[in-house]
Amino acid sequence: MRARDKAAVSALRTTLAALDNAEAVPVPESEPRGSALEQSPVGAGATEAERRELSELGVVAVVRAEAAERLEAAASLTSPAHADRAALLRAEAAVLLRFLDGSDPA
């Protein structure tokens with residue numbers, strides 16, 4: 001962020017959000033979702049669930065998926081009007097792949 005690298009900031013923010021989502025506890029389909037207000041749990045933390053903890057392999061898989069998603073999107077942008085967007089997506093993917101390779105510049 002201090003270096004004002006837009007590609008790195010964008011890639012890292014969205015990847016952190018993807019990691020957060022991957023740690024979320026899935027809600028079983030059998031649980032009722034639209035119950036009455038008076039049946040809702042009450043109190044601080046009443047609806048909190050302990051998050052899953054991703055293994056190192058899980059984190060790597062999420063980061064790889066984020067990089068692959070950006071590369072796929074960049075490849076689909078073939079119009080010259082989208083060249084800037086495609087270049088930004090490739091730069092974001094490169095940032096993520098650098099973290100996986102262990103050559104983080106920070």
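At what angle do H2 and H3 pack, and how far apart are their axes? Keep that question in mind during the tour, which begins with the whole chain.

This is a predicted model, in which local features need pLDDT of at least 70 and side-chain atom pairs count only at pLDDT 80 or more, while totals for chains, interfaces and linings use all residues. Residues are numbered from 1 along each chain as its sequence is written, and side-chain values use heavy atoms, with hydrogens and water left out.

Start by showing the protein chain as a cartoon, where you will find three helices and zero strands, in the pattern α-α-α along the sequence; helices (H or I, at least four residues) and strands (E, at least two) are DSSP runs, numbered from the N terminus. Of the 106 residues, 19% count as buried, where buried means under 20% relative accessible area, exposed over 50% and partly exposed in between, with a 1.4 Å probe and protein chains only.

Next, select residues 6–23, which form helix H1. The end C-alpha atoms of H1 are 26 Å apart, which agrees with the span of 26 Å that its 18 residues should have at 1.5 Å a residue, the expected span being 1.5 Å times one less than the number of residues. Colour Ala 7, Ala 8, Val 9, Ala 11, Thr 15, Ala 18 and Leu 19, the buried residues of H1, whose cover includes H2 and H3. By contrast, Asn 21, also in H1, is exposed, with a relative accessible area of 60%.

Now move to residues 56–76, helix H2, whose end C-alpha atoms are 30 Å apart. Its buried residues, among them Val 62, Val 63 and Ala 67, pack against H1 and H3.

Finally, add residues 83–101, helix H3, and look along its contact with H2. The two helices pack at an angle of about 160°, with their axes 8 Å apart; axes are lines fitted to C-alpha atoms, for helices over the stretch in contact, and angles run from 0 to 180 degrees between N-to-C directions. H2 and H3 are therefore roughly antiparallel, a label for angles over 145 degrees. Select Val 63, Ala 67 and Leu 71, which are among the H2 residues that meet H3, and then Leu 89, Ala 93 and Leu 96, which are among their partners in H3; contact means heavy atoms within 4.5 Å. The residues of this contact divide into 13 nonpolar, no polar and five charged, where Ala, Val, Leu, Ile, Met, Phe, Trp, Tyr, Cys and Pro count as nonpolar, Asp, Glu, Lys and Arg as charged, and the others, Gly among them, as polar.

Methods. Angles under 35 degrees count as roughly parallel, over 145 as roughly antiparallel, 65 to 115 as roughly perpendicular and the rest as oblique.
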